[in-house]
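Trainee: I've just opened this one and I'm a bit lost. Could you walk me through it while I ask questions?

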Amino acid sequence: MKKLYTFILINTFISSIIAIRYFLIPGITFSWQSGFFSFFAVLGHFFSLYLLIFLILVSLIWLKKCYFNTIAALLVSLAQIVLFCDTIVFQQYRFHINQSVLSLVFSGQVVDFSTITYIVMLALATLVFCIELLILCFLDKKMTKSKAHRKKTRMIVIATIMLLGSALISHVIHMVAFYYAYSPIMVVKEYLPLYRPFTSKKIMGFFDKAGERKVINQYTKSSANIYYPKNSLVIDPENKEKMNIMFIVLDSWRYDTFNEDNSPNTYRFVKQNNGVIFDNHYSTGNATRTGIFGLFYGIPGTYWDAFLRNSIPSLFITTLQQQNYNIGIFTSAKVSSPEFDRTAFVTIKNLRISSPNGTPSYRDKQMTNDWLAWYQNRDTSKPTFSFLFYDAPHGYDFPNDFEVKYKPVGDINYITLNNNTNPLPILNRYKQSVYYDDYLMQNIYDELKKSGTLNNTLIIITGDHSQEINDNGLGFWGHNGNYTDAQTKVPFIIIGAKDLKILQENSQRLTSHEDVVPSLMKHYLHVQNDVSDYSTGYDLFSPITDRNWLLMSNYSSYAVRTLDNIYFVNRMGISHYMDSRNHEVDQTPNYQYIQDAMNKMRYFYQEGNK
């Protein structure tokens, strides 16, 4: 047992040395704080991982020494080889090895290894195995000698205390850094494979009772491996007319509930004002975090963690500020959860955090009233950007005294939901909540008409993601569970655009939340840069002819989505290939699409416009 534990300690330090390669990326410099934290994080993290290997090997300790040594050497050498290969992958792609990456590599459709490459890999694996076996043999010999036994035990105890202390220190430091959005510490997380440092707003809130969570570490390229934008934005200096811009977003809005029956006010308003309705529009995720992120950044939600760690604002928002827009951010739920106050809206002073406490429908009403008051008292000499984010559909909520149009209406209890639950009463409750928000939104439409600003306002109406009510018969309720239409396809309408011909053609194409920012930046904020400098989306005012897939994500997974199939990669990096209704299929995915998606996920981690 002692020999095995010593073997584990030795390999912990070897892996920690190999892990230095993660931090040797050209063009990236770390502050002393990052370096200090990385030292403890690396030691503590690999000690934790090797303890798992230790537990596996302990169960085999009854085997003969030769068999045990062989298995232990094989397992640990495999871990070291995978770690080394992962450092290579990370340096080139800026993400770690997972099953999806392996499928891509060995498919032969994108990467084709030469014979010499296989020979070198086999030689390297053999060498590492022999070294690990020699270490075990050396420990066998040393551990049988009683001389200096006490000294060796003392060294093992000191090393253990050092590694346990490193793990504890790194998790505590990260918890504090996350609370205060201190990016030099938070950025280290993306460099280490399988690293999940501790965070707790509740614990930090106990020590910060006054709620003075005000320290925001602004993004600098010297402290982050992110190149966004690729080149500084150039804005046309000519005095061009600036339109008002408005986003109206419903949390969890299903595509099939935008119609004359369920959202009559919005439907009528769209038809009366030549709105363009998109038939195949998808969110950038099946969760609020990635859906809103894609809407305001024009890039995949897979960048969320990195942008949060570095408090990187939306270029769309900063460009609005540069062009002197009135900016009104009105959300029903808290804008700090997810942390949009530390990402998209980090540069907005005196940011409205949420509506007063209450039910989602109550907050939605208060938010609408707050916007009306703000809009009526805005500085009319400046253009205006409004963002209204409703929450009632997310909570299946509507006021008790509001007309019940859809019956029967059932209560929703996620604990009792299963595949046999009758979806109709829950669907009716959901539709009722959409119907209520549509009722509130009429106040916005009336104000735009009354104020005379409707003809000078570009309006985008959409959802952050959709809401499944067991549509696929697989027991999924809500969102954040899969990437089918039921959780990702949302209404998307543009009202007030001047050039409708191409927009209407693109409304039949495959479109995404990624397309909003490049379209507005180019045509309404007069940004002269190529779209690829700041977005991976498409310009909706130019013909879309070559899009066959979309990239979607949530908190811990992502998917490459076509109209017919879903290539899903879960939080463990394991991939599944499914049809559009989430049933696994025995087919080979188009690996070129997956390669292109991976390039998109690493695009803003690469210096220059590659």
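Trainee: Which word fits Tyr577, buried or exposed?
Mentor: One heads-up before we start: this is a predicted model, where local features need pLDDT of at least 70 and side-chain atom pairs count only at pLDDT 80 or more, while totals for chains, interfaces and linings use all residues. Residues are numbered from 1 along each chain as its sequence is written, and side-chain values use heavy atoms, with hydrogens and water left out. On the scale used here, with a 1.4 Å probe and protein chains only, buried is under 20% relative accessible area, exposed is over 50%, and partly exposed is in between. Tyr577 has a relative accessible area of 15%, so the word is buried.

Trainee: Where is the place of Tyr577?
Mentor: Helices (H or I, at least four residues) and strands (E, at least two) are DSSP runs, numbered from the N terminus. Tyr577 touches residues including Tyr567, His583 and Pro589, not counting those up to four places away in sequence, where a contact means heavy atoms within 4.5 Å. Its own place is in residues 575–579, that is, strand 14.

Trainee: Strand 14 belongs to a sheet, then; what order do the 4 strands of that open sheet have?
Mentor: Two strands pair if DSSP finds at least two bridges between them. Strand 11 (550–553) and strand 14 stand at the edges with a single partner strand each, so one side of each has no neighbour in the sheet. The pairing is antiparallel, and the order is 11-12-13-14.

Trainee: In strand 13, which residue is the bridge partner of Arg561?
Mentor: Strand 12 (residues 558–561) and strand 13 (residues 565–569) pair in the antiparallel sense over 4 bridges. In strand 13, Arg561 finds its partner in Ile566.

Trainee: At about what angle to strand 12 does helix 19 run?
Mentor: Axes are lines fitted to C-alpha atoms, for helices over the stretch in contact, and angles run from 0 to 180 degrees between N-to-C directions. Helix 19 (residues 591–602) lies across strand 11, strand 12 and strand 13, and its angle to strand 12 is about 130°.

Trainee: Now the other sheet: what order do its 6 strands have?
Mentor: This sheet is open too, with mixed pairing. Its edge strands are strand 2 (276–277) and strand 4 (326–331), each pairing on one side only. Reading across, the order is 2-9-6-1-5-4.

Trainee: How many residues of strand 1 are buried?
Mentor: Strand 1 (residues 244–250) runs parallel to strand 6 (residues 457–463), joined by 7 bridges, and pairs in the parallel sense with strand 5 over 6 bridges. Both of its faces are covered, with Asn244, Met246, Ile248 and Leu250 on one side and Ile245, Phe247 and Val249 on the other. The buried count is 7 of 7.

Trainee: In strand 5, which residue is the bridge partner of Met246?
Mentor: Met246 stands opposite Ile459 in strand 6. Over in strand 5, its bridge partner is Ser386.

Trainee: How far apart are the axes of helix 9 and helix 15?
Mentor: Two packed helices are described by the angle between their axes and the distance between the axes. Helix 9 (residues 264–272) and helix 15 pack at an angle of about 40°. Their contact includes Phe269 of helix 9 and Tyr439 of helix 15. The axes are separated by 7 Å.

Trainee: Helix 12 and helix 18: why are they called roughly parallel?
Mentor: Angles under 35 degrees count as roughly parallel, over 145 as roughly antiparallel, 65 to 115 as roughly perpendicular and the rest as oblique. The axes of helix 12 (residues 315–322) and helix 18 (residues 516–523) come within 10 Å. The helices count as roughly parallel because of their crossing angle, roughly 25°.

Trainee: How many of the residues in the contact of helix 12 with helix 18 are nonpolar?
Mentor: Leu315, Phe316 and Thr319 in helix 12 meet Val517, Leu520 and Met521 in helix 18. Ala, Val, Leu, Ile, Met, Phe, Trp, Tyr, Cys and Pro count as nonpolar, Asp, Glu, Lys and Arg as charged, and the others, Gly among them, as polar. No residue here is charged and 1 is polar, and the nonpolar number is 5.

Trainee: And how many residues of helix 18 are buried?
Mentor: The buried residues are Val516, Val517, Pro518, Ser519, Leu520 and Met521. They pack against elements including strand 1, helix 12 and strand 6. Helix 18 is mostly covered, and its buried count is 6 of 8.
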